[in-house]
Amino acid sequence: MCGIAGFLGRPGSADALERTARAMADAMTRRGPDDAGSWADAEAGAAFGHRRLSIIDLSRSGHQPMASANGRFVICYNGEVYNAPEMRSELEAAGSVFRGHSDTEVLLESIALHGLDATLPKLIGMFAFALWDRERRELTLVRDRLGIKPLYWAVIGGTFLFGSELSALEQHPDFTGEIDRAALTSFLRFNYVPAPQCIYRGVQKLMPGHRLTISTGGAPRIEAWWSLADVRDRGQTRPFEGGDEAATDALDEILGDAVGRRMIADVPLGAFLSGGVDSSTVAALMQARSSTPVRTFTIGFDEPGYNEAEHAKAVAAHLGTDHTELYVTAAEAQAAIPDLPSIYDEPFADASQIPTFLVSRMTREHVTVALSGDGGDELFGGYNRYFQAPSILSRTRRLPGLALRAGAGLIRSVPPARLSRLLAGVPRIGGIPMLGEKLHKIADILGRSPEDAFRALVSQWQDPDRLVIGGRETVDPVWKEAAGDLEGFAARMQYVDTLTYLPDDILTKVDRASMAVSLEARVPMIDHRVVEFAWSLPQHLKIRDGEGKWILRQLLYRHVPRDLIERPKMGFGIPIESWLRGPLRDWAEDLLSEERLRRDGWFDPAPIRACWEEHLSGRRNWQYRLWGVLMFNAWASRR
């Protein structure tokens, strides 16, 4: 994996252009500690900078930026193309001659021979790259289908900039870092900045499955080269028609191939293992394809309700993997918090960023590549909201509004922690983790339309416009996809999550945490072929009998006993709630003090202080709302 950066602007000396490009790339050394390179077209004012984490072809033959054999194209590439061996064979049969065996060279020579339009649909992998066409004097940026690899861009002072991280753009002399209050408002709703927005005004994220083209002196042109909407529509018009066993067999073949392709590397390789359905499935399919024990990694906590290490250990023992676990103390986890703003580069506040970073750091001590199970929830209906929200709305839709409001008010009148204690002995629900919090979420959606209910479920602050001074939230058209009646509501939620939450939260979290320690994370669940297959499946193969990921579970049960897997969904988290009332209280109080909030001028202090005081009192658990404000303030203080 790598870091890429560059610009297209005013002509200049090659040395000066390359110096700037190198400075941009060197700001991301952690993404690529093994090699560095730069290139410039002085007459055009174009320059690329590259940092390399060597995974395939460790020799100098994989050095970047790389020019095509015919000299027309130059590429600056971040990613892995897993079907590069097949593509190479086809290219060699057509007369292409290769200098090394990197997938970068295969991608580049395919573009040189067949063109970019014909090459992109062939690619199986994750990538973000910049391509300079010397003949047309044209720069093209491309991002992979699901947004696994990041890519920022901006036009500032007549210069077009791009980079894998904002830290790269910040090194260009034309860059100005004005915070976008609209993006900040969106951040408070989601605890991430949704694409194409960026925390800086004038900077954007290139959307997944899109390409951007710009010529010298021209304006950027953006178009989709792959569309999830098209995949969804094809799946609905031509659905999978086999039965349960045939569908499980088909998933076994497709996902198994996706996993197998991601086990190819010239460096040590392993897998994250939490003991849940997704990571256990990936580990099981890896072990089935390996003649030696696969390396698996997990971290544990001594905090009750937050430790999955025991489950992971049991799964690893059954599969026969070479398992490594590390128990992390609260103090060790808290010690990582000051580094989060620089690790995540842009404000980011999914609290599971902490264990994700810790497991990445531990894993990197043993391997350079790790497979992850991310994406299974969005594709196969794993989040509780996919089956609980439609059920709740369906059961309550005919009740009078007054009764719904009264019921919601009654639930909200009891603090979540107390609700959990009161209901602890109730059959079937008493053992549900964070039951009180879940009941409060139910109260938030009672009487709402499906679209409003979904927005409430995925929001932290329900009214962020009220918090950000001068902020006004931008409404993304994709939210219209969640509108409609209850029929198909779960599928609409999955679609929106795959377009938004998956790339902007889940994949961002994994990319930044792994790249901070120079670890390549691979995500076979969202191989585009698996995505296309998942969208062809009838919903009853995903959600059945009030449980998600039905078909994925059937595949996993071929390798792991059911009783090792069946338990309430826990998630990958840490006890931020209690830490904010305890060891992190002074740190949080400093960032949330009324004096500081007024001085910084980003937020109205009143609602934030009220939220903080209510949290400290124990009446409510506002950990996620507060974590968003804390992470932004911590990030802003380091600018």
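**Exercise 1. The cover of helix α13**

Task: Determine how many of the 12 residues of α13 are buried, and compare the span of the helix with the expected value.

Solution: In this predicted model, α13 is mostly covered, with 10 of its 12 residues buried. The criterion for burial is a relative accessible area under 20%. The residues that satisfy it are Q353, I354, P355, T356, F357, L358, V359, S360, M362 and T363. For the span, α13 covers residues 353-364, and its 12 residues should extend over 16 Å at 1.5 Å a residue. The end C-alpha atoms lie 16 Å apart, so the two values agree.

**Exercise 2. T324 and its surroundings**

Task: Decide whether T324 is buried or exposed, and state which residues it contacts beyond its neighbours within four places in sequence.

Solution: First, locate the residue: T324 belongs to strand β15, residues 322-328. Next, consider its relative accessibility, which is 17%; T324 therefore counts as buried, the limit being under 20%. Finally, with neighbours within four places in sequence set aside, T324 is in contact with R295, T296, F297, T298, M362 and H366. One of these partners, M362, is also among the buried residues of α13.

**Exercise 3. The packing of α8 and α9**

Task: Describe how the axes of α8 and α9 are placed relative to each other, and which residues make the contact.

Solution: Two packed helices are described by the angle between their axes and the distance between the axes. Here, the axes of α8 (residues 244-261) and α9 (residues 277-288) come within 9 Å and cross at roughly 80 degrees. Angles of 65 to 115 degrees count as roughly perpendicular, and α8 and α9 are therefore roughly perpendicular to each other. On the α8 side the contact is made by D252, L255, G256 and V259, and on the α9 side by T281, V282, L285 and M286. By character, the residues of this contact comprise five nonpolar, two polar and one charged.

**Exercise 4. Helix α27 and its ends**

Task: Characterise α27 by its length, its buried residues and the features at its two ends.

Solution: Helix α27 spans residues 605-617; its 13 residues reach 18 Å from the first C-alpha to the last, close to the 18 Å expected at 1.5 Å a residue. Its buried residues are P605, P607, I608, R609, C611, W612 and H615. They pack against α24, α25, α26 and α28. At the N-terminal end, D604 acts as a cap, with a side-chain oxygen 3.1 Å from the backbone nitrogen of A606. After the helix comes G618, whose phi is positive, near 85 degrees.

**Exercise 5. Backbone geometry in loops**

Task: State where the prolines P65 and P196 are placed, and whether D545 and K549 are buried or exposed.

Solution: Begin with the prolines.
- The Q64 to P65 peptide bond is cis, with omega near -5 degrees; P65 is in the loop between β3 and β4.
- The A195 to P196 peptide bond is also cis, with omega near 5 degrees; P196 is in the loop between α6 and β10.

Proceed to the positive phi values. D545 has phi near 55 degrees, a positive value in a residue other than glycine, and K549 likewise has phi near 55 degrees. D545 is found in the loop between α22 and α23, and so is K549. Their accessibility must be judged separately. D545, with a relative accessible area of 78%, is exposed, whereas K549, with 5%, is buried.

Conventions
Residues are numbered from 1 along each chain as its sequence is written. This is a predicted model: local features need pLDDT of at least 70, side-chain atom pairs count only at pLDDT 80 or more; totals for chains, interfaces and linings use all residues. Side-chain values use heavy atoms; hydrogens and water are left out. Axes are lines fitted to C-alpha atoms, for helices over the stretch in contact, and angles run from 0 to 180 degrees between N-to-C directions. Helices (H or I, at least four residues) and strands (E, at least two) are DSSP runs, numbered from the N terminus. Angles under 35 degrees count as roughly parallel, over 145 as roughly antiparallel, 65 to 115 as roughly perpendicular and the rest as oblique. Contact means heavy atoms within 4.5 Å. Ala, Val, Leu, Ile, Met, Phe, Trp, Tyr, Cys and Pro count as nonpolar, Asp, Glu, Lys and Arg as charged, and the others, Gly among them, as polar. The expected span of a helix is 1.5 Å times one less than its number of residues. Buried means under 20% relative accessible area, exposed over 50%, partly exposed in between (1.4 Å probe, protein chains only). A polar contact is a pair of N or O atoms within 3.5 Å; within protein, one must be able to donate a hydrogen and the other to accept it, and residues adjacent in sequence count only if both atoms are side-chain atoms.
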